[in-house]
Amino acid sequence: MDRRILDELVRDGRTSVRTLAERIHISRTNAYARVERLLRDGVITGFHAQVAPEAAGLGTSAYMALTIEQNTWREVSAELARVRYVEHVALLSGEHDVLALVRAPDNAALRDVVLDRVQRIAGVLSTRSWLVFEEFGGTQSPWQ
């Protein structure tokens, strides 16, 4: 039942508890209690709007891989969290240590992020970037 609730909320985070209960065939009280528990347990961490980057003025996207000095993840991640246009950051295993998604208005802003902001962070040894030409979200929810 919780997976069905998550699937519905991932599809539309603005769904009312009443509509949610109707869609998954449970009482409103049960739906409300389950959503509250999922929030309390940290399974649901918030609700947000999905924004189309290009329509919102962020026409240049790139993935940026970073190689960092050993044991500098906490400091580097704290600095990356303060860099404008960095949307997502992940610690990796493999060839690179960190992967960041950058969404900027244009190539000049992207260049500023990479060369003037990220490469100057203490602990960053190197960066490698890949421009995103097109993207889409997955069509299959893992919560079904």
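Me: Before we look around this predicted model, what makes two atoms a polar contact?

Reply: A polar contact is a pair of N or O atoms within 3.5 Å, where, within protein, one must be able to donate a hydrogen and the other to accept it.

Me: Thanks! What makes D106 a cap of α5?

Reply: A side-chain oxygen of D106 lies 3.2 Å from the backbone nitrogen of A108. The cut-off is 3.5 Å, and the D106 contact sits at the N-terminal end of α5.

Me: Which residues of α5 are buried, and how do you know that they line one face of the helix?

Reply: The buried ones are A109, L110, V113, V114 and V118, in a helix that runs over residues 107-118. Looking down the axis of α5, you find them within an arc of 135°, so they line one face. What covers them includes β1 (60-68), α4, β2, β3 (98-104) and β4 (124-132).

Me: What about α2: which residues are buried there?

Reply: In α2 they are L20, A21 and I24. Down the axis of α2 they fall within an arc of 100°, so these residues also line one face of their helix. They pack against α1 (2-11) and α3.

Me: Just after α2 comes H25. Why is H25 called exposed?

Reply: Its relative accessibility is 68%, and exposed means over 50%, so H25 qualifies. H25 belongs to the loop between α2 (17-24) and α3 (28-40), and its phi is near 60°, a positive value in a residue other than glycine.

Me: And why is Y85 called partly exposed?

Reply: Y85 has a relative accessible area of 22%. Buried would need under 20%, and exposed over 50%, so Y85 at 22% counts as partly exposed. Y85 lies in the loop between α4 (73-80) and β2 (86-91), with a positive phi near 85°.

Me: Let's turn to the interior. Which residues touch the most other members of the largest nonpolar core?

Reply: M64, L66 and L80 do, in a core of 19 residues. At least two residues each come from β1, α4, β3 and α5, and α5 gives the largest share, five residues. A second, separate core has eleven residues, including I5, L6, I24 and L38. In soluble globular proteins, nonpolar side chains tend to be buried together.

Me: What is M64 in contact with, leaving aside neighbours within four places in sequence?

Reply: Its partners include V98, L99, A100, V102, V114 and V118, and also T127, R128 and S129. Each counts as a contact of M64 by having heavy atoms within 4.5 Å.

Note on methods. Residues numbered from 1 in each chain as written. Predicted model: local features only at pLDDT ≥ 70, side-chain atom pairs only at ≥ 80, totals over all residues. Heavy atoms only, no water. Helix = DSSP H or I, 4+ residues; strand = E, 2+ residues; numbered from the N terminus. Buried < 20%, exposed > 50% of the residue type's maximum accessible area, 1.4 Å probe, protein only. Arc of directions from axis to C-beta. Core = buried A, V, L, I, M, F, W, Y, C linked by side-chain atoms within 4.5 Å.
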